[in-house]
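Me: I'd like to learn how to read a few features in a model like this one. Can we go through them one by one?

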Amino acid sequence: MDRSSLRQTKMPCGKPARQPSIEVFVVDNASSDGSVSMVKERFTWVQLIENAENLGFARANNQAIDLAQGRYVLLLNSDTEVHPGAFAALTDFLERTPQAGAVGAS
């Protein structure tokens, strides 16, 4: 993930994503490339889940979802770049379309 894109993204309320208006979880599936140290040093505002073994993509996502307290959950891969207005567009759609159970972006 582009380290600045998520941090600089504004929420619909106008606050930066790193502020308490949202939660950010990073789940590490037993990587050995220094990712955990990098997240701890550079992204102190995220909640880091460190798995001792690779639990797989779905199970790792479920760990974060189980801890999440918000109304919406957004799953991002590590190579995702968040564009300005993306969060607002997704949440606006969900607010306008209560029958929708999920929304995705491309």
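Reply: Sure, starting with accessibility: a residue is buried under 20% relative accessible area, exposed over 50% and partly exposed in between, using a 1.4 Å probe and protein chains only. Lys40, at 48%, therefore counts as partly exposed. A word on the source: this is a predicted model, where local features need pLDDT of at least 70 and side-chain atom pairs count only at pLDDT 80 or more, while totals for chains, interfaces and linings use all residues. Residues are numbered from 1 along each chain as its sequence is written, and side-chain values use heavy atoms, with hydrogens and water left out.

Me: How many salt bridges are there by this rule?

Reply: The rule asks for a side-chain nitrogen of Lys or Arg within 4 Å of a carboxyl oxygen of Asp or Glu. That gives two salt bridges. In one, Lys40 pairs with Glu50, and the closest N and O atoms are 3.2 Å apart. Lys40 sits in helix 2 (residues 35–42) and Glu50 in strand 2 (residues 47–51), so this pair ties together parts ten residues apart in sequence. Helices (H or I, at least four residues) and strands (E, at least two) are DSSP runs, numbered from the N terminus. Glu50 is partly exposed too, at 45%.

Me: What does Arg71 form a salt bridge with?

Reply: Its partner is Glu95, with 3.3 Å between the closest N and O atoms. This pair links distant parts of the chain, 24 residues apart: Arg71 is in the loop between helix 3 and helix 4, and Glu95 is in helix 4. Arg71 is exposed at 68%, and Glu95 is partly exposed at 44%.

Me: Which residues of helix 4 are buried?

Reply: First the general idea: an α-helix has 3.6 residues a turn, so residues three or four places apart point the same way. In helix 4 (residues 86–96), the buried ones are Phe87, Leu90, Thr91 and Leu94. Looking down the axis, these buried residues fall within an arc of 90°, so they line one face of the helix. The arc is taken from the directions from the helix axis to the C-beta atoms.

Me: And how do I read aromatic pairs?

Reply: Rings of Phe, Tyr and Trp (its six-membered ring) pair if their centres lie within 6.5 Å; planes under 30 degrees apart are stacked, over 60 edge-to-face, and the rest tilted. The structure has one such pair. Phe43 and Trp45 meet edge-to-face, 6.0 Å centre to centre with 75° between the planes. Phe43 is buried, at 14% relative accessible area.
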